[in-house]
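Colleague: Could you take me through one part of this model closely? I would like to hear about how its helices pack and what sits around them.

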Amino acid sequence: MTMANTDIAQQFETLADLLEIEGANPFRVMAYRNAAAVIRVYPHDMCALLARGEDLAKLPRIGKDLAGKISTLCATGRLPLLSEVAQRTPVGLSRLMRLPGLGPKRVKALYQSLDIRSEEDLLRAARSGQIRQLPGFGPKTEALILRRLGEAATRRLRRCDARALAEPLLAYLRAVAGVKKVTLAGSFRRCKETVGDLDILITAQRGAPVMQALTAYESVAEVIAQGHTKATVQLRDGTRVDLRLVPQISYGAALHYFTGSKAHNIAVRNLAQKQGLKINEYGVFRGERRIAGKTEKQVFASVGLPYIEPELRRGRGELEAARARRLPHLVTTTDIRGDLHCHTQATDGHHSLEQMARGAMERGYEYLAITDHSQHVRVANGLDERQLARQLAAIDRLNEQLDGLVLLKGCEVDILSDGRLDLPDGILKQLDLAVGAIHYGFGLSRQHQTERILRAMDNPNLSILAHPTGRLINERESYEIDLERVLSGARDRGVFVEVNAHPYRLDLNGDACRLAGELGVTLAISTDAHSVTDLDFMVYGVEQARRGWLEKADVLNTRSPSQVIKLLARS
């Protein structure tokens with residue numbers, strides 16, 4: 001038996017939740033959470049690595065004990081320790097921990113006082129007014145719980161989680177005898193940052209056992225529907241998968257139709273109707289005669305349009321731009337020449353300076369900025385002035401040894417509540433770049449938060465504003481901020497703004513990227529990498545930029561090392 005990375009990560013996350021509710025050693029709890037975070041976004045299948053004899057204990061945040069547990073999960077599908085803990089503490093409490101505002105102490109109180117074991121129990125208790133009666137809760141908390149439960153019911157998968165589920169499934173389907181093409185459509189293909197379900201299109205030889213293969217897939221928990229040309233299943237984590245088998249002659253039309261978005265499809269159909277055509281998932285028709293549909297290019301050409309990239313298909317002016325031949329030449333991952341935000345073992349990263357440098361070189365980069373945390377972020381062992389000075393000297397020594405890569409001297413420096421930077425100007429002047437970031441004080445008013453950032457950008461040593469809205473997808477909403485004013489302020493001061501490519505952040509979002517481009521702000525797409533493998537997050541940031549209509553010239557780190565260093569100097 002094997003398990004997908006997302007399933008393994010879920011087991012560790014559930015175990016961490018239950019142990020935290022029980023009051024277990026916080027370092028033990030954190031070890032399981034850290035392992036889950038690594039596994040969930042790791043680019044290679046854990047069980048496949050084990051089958052090839054790889055030593056998982058060498059991976060960041062894993063170690064020998066956790067590697068053994070992963071091996072057990074891959075072999076049996078079970079985690080004995082989780083089964084043991086679940087006999088004491090109901091597994092359903094783990095889902096309650098996912099609701100913002102319900103930490104382990106409150107979940108434990110709800111369980112012990114009202115025997116609440118699930119979201120259904122919690123909903124009933126909240127509606128009946130029982131929760132407000134508990135010490136430390138009250139009417140406001142009860143109302144917040146009701147709101148959070150409503151949001152959770154419609155919560156979508158983070159893009160990285162959807163990718164981790166989809167890639168092994170797609171590989172499995174491609175290996176089915178007679179299968180020709182397997183494509184993931186829907187919001188995933190449009191590179192949306194969250195995904196509701198997985199829409200898969202397949203072309204295959206007549207009689208290929210596609211539907212049987214899908215329903216036999218190891219992660220399928222329930223077969224909802226199954227026919228000759230379409231099937232719907234639910235995976236173990238609750239994700240719905242819709243598969244459609246389409247003839248090659250209709251493949252392009254079906255891919256266009258099932259990629260969406262709805263607004264884009266309606267606009268294309270309306271344009272076709274004005275030309276006496278009909279477009280649907282089966283093709284492009286003039287009367288009863290199919291005139292196109294084998295490829296998406298044919299579909300667009302039939303209504304006089306050039307090919308429109310999936311990321312732009314949002315009903316946000318892409319048809320008008322296409323008709324005027326003004327579609328952007330979207331930035332690609334091959335345009336990226338370096339990464340301007342990463343961490344090492346000096347703070348909360350997992351690899352050394354040299355290991356991060358070698359990882360960047362393996363990816364063909366010409367430069368990598370080392371931007372460990374400043375002293376205010378104590379939980380990340382942030383660097384004080386003397387520690388940072390020692391790191392800068394180490395970077396200088398390593399640069400003398402490296403061939404083909406420049407390590408840039410940087411720091412992710414905290415923006416304090418009054419807008420000051422966390423380190424003295426004297427040390428900041430020695431950097432190639434200072435990446436300013438907010439890590440606390442998220443609850444400030446819109447005006448205060450905006451002024452805080454603008455004051456920070458007044459400091460000529462600040463080069464890049466990192467993860468500008470502070471959001472964590474499905475975990476923390478953006479703080480209140482006048483984003484247009486901040487972006488305009490960055491442009492006027494010569495400060496660059498980050499598109500943080502970490503898949504839990506993706507900050508800025510696509511709409512904000514487009515606003516930045518329209519305002520003339522140059523963006524830096526950076527991974528915020530805490531390990532060598534995290535450098536591969538760059539693809540997520542590029543996808544965000546593409547949704548924002550950004551071109552190569554709009555992105556700082558598509559430039560050469562000398563150009564980047566000069567631009568970062570704000571001179």
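Modeller: Happily; here is a walk through one helix pair, then the core, then some backbone details. A word on the basis: this is a predicted model, in which local features need pLDDT of at least 70 and side-chain atom pairs count only at pLDDT 80 or more, while totals for chains, interfaces and linings use all residues. Residues are numbered from 1 along each chain as its sequence is written, and side-chain values use heavy atoms, with hydrogens and water left out.

Let's start with helix α20 (residues 446-458) and helix α21 (residues 483-493), whose axes are 10 Å apart and meet at an angle of about 10 degrees. Axes here are lines fitted to C-alpha atoms, for helices over the stretch in contact, and angles run from 0 to 180 degrees between N-to-C directions. Helices (H or I, at least four residues) and strands (E, at least two) are DSSP runs, numbered from the N terminus. That angle makes α20 roughly parallel to α21, a label for angles under 35 degrees.

On the α20 side, T450, E451, I453, L454, M457 and D458 meet R485, V486, G489, A490 and R493 of α21; contact means heavy atoms within 4.5 Å. By class, five of these residues are nonpolar, two polar and four charged. Nonpolar covers Ala, Val, Leu, Ile, Met, Phe, Trp, Tyr, Cys and Pro; charged covers Asp, Glu, Lys and Arg; the others, Gly among them, are polar.

M457 leads us on to the largest nonpolar core, which has 59 residues and in which L407, M457 and L523 have the most contacts. Such a core is a set of buried Ala, Val, Leu, Ile, Met, Phe, Trp, Tyr and Cys residues joined through side-chain atoms within 4.5 Å. Buried means under 20% relative accessible area, exposed over 50%, and partly exposed in between (1.4 Å probe, protein chains only). Beyond its neighbours within four places in sequence, L523 touches V497, V499, L508, C513, A516, L550, D554, V555, L556 and N557.

Now for the backbone. Most residues other than glycine have a negative phi, and most peptide bonds are trans. L506, in the loop between β16 (496-500) and α22 (510-519), has a positive phi of about 45 degrees although it is not a glycine. L506 is buried, at a relative accessible area of 2%. D115 also has a positive phi, about 55 degrees, but is partly exposed at 41%.

Methods: Parallel < 35°, antiparallel > 145°, perpendicular 65-115°, else oblique.
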